[in-house]
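Here is a short tour of side-chain contacts, written for someone who likes to think at the level of individual residues. Please have the sequence and the 3D view open as you read.

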Amino acid sequence: SNNMENALADFSKAIQLDAEFVQAYSHCARAYLNMQMPQPAKEFISKAVKLFPNDPEILQTLGECLALEGDYEKALDVFEKVKSMTNDYPQV
């Protein structure tokens, strides 16, 4: 319903309940992005990258954060890594 504050709370609760639920991390970061808060989004997803360094969804979200910050070179590097991990990843 576009209530990003509630979405953040829900995704945070999901992570508390199941720390391996990778999608909750990426959705939480995207909620921050939706709220025009790229720095908290990047900080949040960077922590998730440490937990799941080879997860394409987490890396894709990091690339989105980097692109929105204007760091296109790093974003492209991350997107290329995701692409090399799985050729059929839809977001890339």
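Which residues form one aromatic cluster? They are Tyr25, Tyr32, Phe44 and Phe52. Please keep in mind throughout that this is a predicted model.

**Aromatic contacts**

The count of aromatic pairs comes to three. One of them joins Tyr32 and Phe44, with 6.3 Å from centre to centre and 55 degrees between the planes. That pair is classed as tilted, because planes count as stacked when under 30 degrees apart and as edge-to-face when over 60. If you follow the chain, you will find Tyr32 in helix α2 and Phe44 in helix α3, so this contact links distant parts of the chain, 12 residues apart. As for solvent, Phe44 is partly exposed, with a relative accessible area of 22%.

**Salt bridges**

Now to the charged side chains: the structure holds four salt bridges. Three of them are set out here, each with the distance between N and O atoms.

| Acidic residue | Basic residue | N to O distance |
|---|---|---|
| Glu57 | Arg30 | 2.6 Å |
| Glu69 | Lys42 | 3.2 Å |
| Asp71 | Lys74 | 3.8 Å |

Let us start with the salt bridge of Glu57 and Arg30. Glu57 belongs to helix α4, which covers residues 56–69, while Arg30 belongs to helix α2, residues 22–34; the pair therefore ties together parts that are 27 residues apart in sequence. Are these two residues buried or exposed? Both Glu57 and Arg30 are buried.

Next come Glu69 and Lys42, whose side chains meet in a salt bridge. Glu69 lies in helix α4 and Lys42 in helix α3, residues 38–51, so this bridge also ties together parts that are 27 residues apart in sequence. Here the surroundings are partly open to solvent: Glu69 is partly exposed, with a relative accessible area of 32%, and Lys42 is partly exposed as well, at 24%.

The salt bridge between Lys74 and Asp71 completes the table. Asp71 counts as partly exposed, and its relative accessibility is 24%. Which residues do salt bridges with shared partners join into one network? That network is made up of Arg30, Glu57 and Glu64.

**Putting it together**

Helix α2 is a good place to begin when you turn the model on screen. Arg30, in helix α2, forms a pair with Glu57 of helix α4, and Tyr32, also in helix α2, pairs with Phe44 of helix α3. From helix α3, Lys42 in turn pairs with Glu69 of helix α4.

Terms used:
Residues are numbered from 1 along each chain as its sequence is written. This is a predicted model: local features need pLDDT of at least 70, side-chain atom pairs count only at pLDDT 80 or more; totals for chains, interfaces and linings use all residues. Side-chain values use heavy atoms; hydrogens and water are left out. Helices (H or I, at least four residues) and strands (E, at least two) are DSSP runs, numbered from the N terminus. Buried means under 20% relative accessible area, exposed over 50%, partly exposed in between (1.4 Å probe, protein chains only). Rings of Phe, Tyr and Trp (its six-membered ring) pair if their centres lie within 6.5 Å; planes under 30 degrees apart count as stacked, over 60 as edge-to-face and the rest as tilted.
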